[in-house]
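Me: Please take a close look at a single part of this structure. I would like to see how one piece fits in with what surrounds it.

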Amino acid sequence: STHSHNTVVVDNRNQSIIWSGFRLAQRANITILEDNLPLIEAEHDGYRSLGVNHKRSFDFQEKSIQITDNVIGKDSVVKEFHLHFAPGITATQTNNSINIQDIGVIKFIGNTTIRVEEYEMADGYNKYKVGKKIVVNFVSHLITNIQFNKL
């Protein structure tokens, strides 16, 4: 499901309709807008039935990555950015930022709430590990700045 990926979830729905394992209907159409490092930008229409479009850009710098999400259309829908960490990685919240053990700091601009949750990651057939994920709510525009301690 969309919740299991590092992307934006709108109104608690999937970007494409999932019929069963690995079968999709009404698949999101993706358009690449820019593919020139350090900037990559694309959009998709997976939430067209809700009247919204999701555009995301990545700006890669020497010790940071800035991710900008724009959900264009109805403001009344709920927007959440999900960001998963591998099991064993510690994520602690401080106001509008998240400290990631031995990795760096993630800061958010445009968020309304941030929470750290647990999720289950498949680690083989019928085996799961528990990890941490961040869920960030926002209105229409979210900037996520990931600053690395070292590279």
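Reply: Start with Ser64. Beyond its close sequence neighbours, up to four places away, Ser64 touches Asp59, Asn145, Ile146, Gln147 and Phe148. This is a predicted model, so keep that in mind throughout. Ser64 sits in strand 7. Is Ser64 buried or exposed? Its relative accessible area is 14%. The cut-off for buried is under 20%, so Ser64 counts as buried.

Now widen the view to the strand. Strand 7 is mostly covered, with seven of its 10 residues buried. Which strands pair with it? Strand 6 is one partner: the two run antiparallel over nine bridges. A hairpin of three residues joins strand 6 to strand 7. One pair to find is Asn53, whose bridge partner in strand 7 is Ile72. Strand 12 also pairs with strand 7, again in the antiparallel sense, over seven bridges. Here Ile67 stands opposite Thr144 in strand 12.

Look next at strand 6, which covers residues 52-60. Ser57 lies in it. Ser57 has 11% relative accessibility, so it counts as buried. Which residues does Ser57 touch, beyond those up to four places away in sequence? They are Leu39, Ile40, Glu41, Gln66, Ile67 and Thr68. Ile67 thus turns up twice: as a contact of Ser57 and opposite Thr144. Try one distance as well. Ser57 and Asp69 are 12 residues apart along the chain, yet their C-alpha atoms are separated by 6.8 Å.

Finally, turn to the nonpolar core. The largest one has 24 residues. Those with the most contacts inside it are Val10, Phe81, Ile98, Ile106, Phe108 and Ile134. Strand 7 (64-73) supplies at least two residues of this core, and so do strands 1, 8, 10, 11 and 12. Strand 12 gives the most, with five residues. In soluble globular proteins, nonpolar side chains tend to be buried together.

Phe81 makes a good last stop. Leaving aside neighbours within four places in sequence, its contacts include Phe108 and Ile134. Both of these are also among the core residues with the most contacts. Phe81 also touches Asp69, the residue whose C-alpha atom we compared with that of Ser57. Another of its contacts is Thr144, which stands opposite Ile67.

How values were computed: Residues numbered from 1 in each chain as written. Predicted model: local features only at pLDDT ≥ 70, side-chain atom pairs only at ≥ 80, totals over all residues. Heavy atoms only, no water. Helix = DSSP H or I, 4+ residues; strand = E, 2+ residues; numbered from the N terminus. Buried < 20%, exposed > 50% of the residue type's maximum accessible area, 1.4 Å probe, protein only. Contact = heavy atoms within 4.5 Å. Core = buried A, V, L, I, M, F, W, Y, C linked by side-chain atoms within 4.5 Å. Pairing = 2+ DSSP bridges.
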